[in-house]
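Subject: Structure handover

Hi,

Here is the structure for you to load. My notes on what turned up follow below it.

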Amino acid sequence: MMEKILISGGSGLVGQALTQHLTQQGHEVAWLSRSQQKGQKTFLWDVKNQEIAPEALAWASHIIHLAGAGVADKRWTPAYKKEILDSRVQATRLLVKGLKQYPNAVKKVVSASAMGIYGTFHQEEWVEEESPAGKDFLAKVTQEWENEVQQLQSLGIPEVRMRISIVLAKEGGALPTLMLPVRFGLASAIGKGSQYMSWIHIKDLCRLFSWALLESDIQGALNAASPQPETNADFMKTLAKVMRKPFFLPSVPSWVLHLAMGEKAIIATSGVRLSVNRLTSKGVTFVHPDLATALESLLKE
């Protein structure tokens, strides 16, 4: 059955991949955007002024909500930290406000969230969806973001919060940045190298969004990650091996990254070992469950 799926943040890495994936499945996809997008059905919204085209919500049968300023895009100045928070909270608040006018039109909303909700100081323990939230900046941002999404429950609209791990894609995200030093023979671990990197191949992420939106009755928080997270050292060793490059340098000290990146360096020097037991217990499988085959598939493209 063809569905009408509205995506906020559709022009981003995940949004574009999802648009292609859902279109190939036979669904009609439109974007919520600040401006008309060439070659893409678009409805307008203005988050800053809290305005949204009412026909967008009347049109949609399902919504995927991805909008938010990129956490790794800029240095975390006080102004940009405010933008990271406001872009998520205000966009979600606008969506909920609009849906109050059409509470019966939309069957389900799947919203992006992030593994950052658990905080950044985990060691080797597996982190489940019920694990407590962290107390650092990203954890607080993600909690406020999810709190806004959960307002949909009062409208009787099922919602899923996808706590996304590191997305591996050749077109953007973390992978091209990680590949850069490896390409020049400078592969090394970051910090202690023992911090876990939970990750997911972008095609598995698209399949997961589609499943959560259209094929299941699941609701609430979901860890979106491969079942096989790797330590940072093992991740970089595998990446070097797949790229046929050496891995022999000493690790990059955490203080060097903090000097170069400021507070944002915590993204690279800490990690979370996400459990996906909730997904696998529902029968979810992964096309790229292990890192080596995931990287090989991306680098062959």
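In this predicted model, β5, helix α3 (residues 78-99) and β6 make up a β-α-β unit, and the unit is right-handed. The two strands of that unit are also partners: β5 (residues 62-65) and β6 run parallel, joined by four bridges. Two of the facing pairs can be named. I63 stands opposite V109 in β6. I64 has V110 of β6 as its bridge partner.

β6 has a further neighbour. Six bridges tie β6 to strand β8 (residues 159-164), again in parallel. Here S111 pairs with R161 of β8.

How much of β6 is covered? Mostly: in this strand (residues 108-114), six of the seven residues are buried.

Now the whole sheet. The sheet is open, has eight strands and shows mixed pairing. Its order is β4-β3-β2-β1-β5-β6-β8-β12. The edges are β4 (51-52) and β12 (220-224). Each has a single partner strand, so one side of each lacks a neighbour in the sheet.

One surface feature is worth a look. L180, F184 and L186 form a nonpolar patch, with about 330 Å² of accessible area together. L186 sits in the loop between α5 (174-183) and β10 (196-197). Is L186 buried or exposed? Neither: its relative accessibility is 45%, so L186 counts as partly exposed. The class applies because 45% lies between the cut-offs of 20% for buried and 50% for exposed.

Best wishes

Key. Residues numbered from 1 in each chain as written. Predicted model: local features only at pLDDT ≥ 70, side-chain atom pairs only at ≥ 80, totals over all residues. Heavy atoms only, no water. Patch = residues over 30% accessible without salt bridge, like charges linked within 9 Å, V, L, I, M, F, W, Y side chains within 5 Å. Areas by Shrake-Rupley, 256 points an atom, 1.4 Å probe, with all protein chains shown as cover. Salt bridge = Lys/Arg side-chain N within 4 Å of Asp/Glu carboxyl O. Buried < 20%, exposed > 50% of the residue type's maximum accessible area, 1.4 Å probe, protein only. Pairing = 2+ DSSP bridges. Right-handed = clockwise from strand over helix to strand, strands pointing away.
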